[in-house]
2 protein chains.
Amino acid sequence: MVDDPTNSGAEVTLVRWPAQDARRTALRAARRARLLLLDPSTPVPTPDDDLEDWVRIPVAEADLRARVRWLAHRVAGCDATGDDTGPTIDEDGLVRIGPDWVALPPVEHRLARALLDRMGAVVSRDALAHAGWPDGAPGRNALDVHVLRLRRRLAPLRMTIHTVRSRGYLLSVETHDRTADGATT
Amino acid sequence: MVDDPTNSGAEVTLVRWPAQDARRTALRAARRARLLLLDPSTPVPTPDDDLEDWVRIPVAEADLRARVRWLAHRVAGCDATGDDTGPTIDEDGLVRIGPDWVALPPVEHRLARALLDRMGAVVSRDALAHAGWPDGAPGRNALDVHVLRLRRRLAPLRMTIHTVRSRGYLLSVETHDRTADGATT
DNA sequence: GCGCACCGTTCACCGGTGCGAAACAACGGC
DNA sequence: GCCGTTGTTTCGCACCGGTGAACGGTGCGC
């Protein structure tokens with residue numbers, strides 16, 4: 001999987017389909033461009049919107065990159081959906097959004113990365129636990145406490161971790177105002 | 001869903017490339033949608049505009065038609081931004097519509113899925129009960145109560161569950177700018 | 001016209017549980 | 001030593017699912 005977890009550089013997100021259907025929905029809700037990697041013998045889905053394209057795997061690397069390039073070109077030309085100065089997270093444990101930023105300790109950094117990676121979608125507790133502690137999770141409540149602490153740290157950035165009971169957590173950003181700024185990404 | 005390749009084909013023209021490059025240029029000048037059929041080992045060209053797409057041949061017939069369909073869909077929706085795109089429900093118990101969403105508990109999630117799958121049509125109480133409790137419904141009142149709760153949860157999304165007496169329930173969405181439901185309230 | 005059965009809505013309540021949050025202890029870096 | 005991070009324990013709340021009951025509208029039989 002080509003992961004560019006910092007959604008700063010890449011505009012196009014690769015999504016395996018139908019395996020990662022929920023992710024597709026989330027990206028659509030966030031109005032982010034996505035390229036569906038269709039498993040062989042999977043019928044082509046109906047298009048959600050113009051920010052989507054698909055490719056049948058296996059595919060040549062060059063063709064895949066060309067597909068991403070074309071989609072990115074379309075997105076850039078269509079409208080300013082490349083949008084809103086979304087939050088980013090770097091390798092130094094800093095979460096930035098606009099002029100604001102906050103530093104995160106290691107565990108919360110990994111949790112925040114997992115949530116940001118799938119912003120707008122539900123991340124299961126299992127997935128979060130695995131992201132936060134790759135070598136095995138400690139106690140059962142450790143995750144609860146770290147989510148609580150991460151909540152408080154992200155609150156000043158107007159980022160909210162929503163609880164989806166018995167399902168997981170969902171990260172969102174309060175956008176009081178949508179800037180119609182031209183996409184110069 | 002009917003795709004009717006003849007109809008779509010009226011908008012999308014297939015062009016072998018680079019063999020028919022002149023034709024590509026002409027279609028571009030005429031602002032007509034075109035699908036490039038790339039010979040193997042031909043590098044992907046740079047996109048001319050948004051009315052273009054490409055596919056590497058040989059390609060499965062179904063994939064080719066899907067490609068045409070997608071391109072036609074894009075062309076159709078280019079001017080009128082397909083913005084609203086009705087509500088969706090994902091595997092994580094989330095119902096989304098536009099920027100809004102709500103999380104549903106398991107039972108209501110199953111009910112909502114049954115209603116959304118047949119949105120605009122009447123879903124019988126039996127079908128709903130079977131969808132909500134595949135292993136057999138509990139009491140008689142359980143369905144009523146869960147429909148009530150689902151109503152209240154979906155209300156913020158401007159989604160309404162209409163009662164069709166002695167027939168079942170019908171889900172509709174209030175569109176802010178145009179009236180789509182002919183139901184009497 | 002009257003009463004009644006049927007159907008659907010809504011509320012109150014209860015047992016179970018997932019999660020929130022505080023308090024506390026252990027560990028480590030500056 | 002001080003402070004920040006990490007993990008555990010503990011308590012309590014809010015939510016979820018289900019039941020019973022009260023309420024109201026509609027149609028039918030008498």
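How do the residues of the surface near DNA strand C divide into nonpolar, polar and charged?

## The surface near DNA strand C

In this predicted model, the residues of the surface near DNA strand C divide into six nonpolar, six polar and seven charged. There are 19 residues around the strand, and those that come nearest are A:D144, A:T163, B:D144, B:L148 and B:T163. Two elements give two or more residues to this surface, namely helix 5 (142-154) of chain A and helix 6 (141-154) of chain B. The largest share, six residues, is that of helix 6 of chain B.

## Where chain A touches chain B

The two protein chains also touch one another, with 22 residues of chain A in contact with 23 residues of chain B. On the side of chain A that touches chain B, the elements that give two or more residues are helix 1 (21-29) and helix 2 of chain A, and helix 2 of chain A provides the largest share, seven residues. By character, the residues on this side of chain A divide into nine nonpolar, four polar and nine charged.

## The nonpolar cores

The largest nonpolar core holds 56 residues, of which A:L35, A:A112 and A:L115 touch the most other members. Helix 2 (residues 61-78) of chain A gives the most to this core, with five residues. In soluble globular proteins, nonpolar side chains tend to be buried together.

For A:L115, once residues up to four places away in sequence are left out of the count, the residues touched are A:V123, A:I161, A:Y169 and A:L171. Apart from the largest core there is a second, separate core of 14 residues, and B:V12, B:W17, B:L51 and B:W54 are included in this second core.

## A:A72 in helix 2 of chain A

Is A:A72 buried, partly exposed or exposed? This residue, placed in helix 2 of chain A, has 19 C-beta neighbours inside 10 Å and therefore counts as partly exposed, since a residue is buried if 20 or more other C-beta atoms lie within 10 Å of its own.

When neighbours within four places in sequence are set aside, A:A72 is in contact with A:E11, A:V12 and A:A33. A further relation is that between A:A72 and A:E52, which are 20 residues apart along the chain and whose C-alpha atoms are separated by 9.9 Å.

Note on methods:
Residues are numbered from 1 along each chain as its sequence is written. Chains are lettered from A and ligands numbered from 1 in the order in which they are written. This is a predicted model: local features need pLDDT of at least 70, side-chain atom pairs count only at pLDDT 80 or more; totals for chains, interfaces and linings use all residues. A nonpolar core is a set of buried Ala, Val, Leu, Ile, Met, Phe, Trp, Tyr and Cys residues joined through C-beta atoms within 7 Å. A residue is buried if 20 or more other C-beta atoms lie within 10 Å of its own, exposed if 12 or fewer, and partly exposed in between; C-beta atoms are placed from the backbone. Helices (H or I, at least four residues) and strands (E, at least two) are DSSP runs, numbered from the N terminus. Two residues are in contact if their C-beta atoms, placed from the backbone, lie within 7 Å. A residue is near a molecule or strand if its C-beta atom, placed from the backbone, lies within 6 Å of it. Ala, Val, Leu, Ile, Met, Phe, Trp, Tyr, Cys and Pro count as nonpolar, Asp, Glu, Lys and Arg as charged, and the others, Gly among them, as polar.
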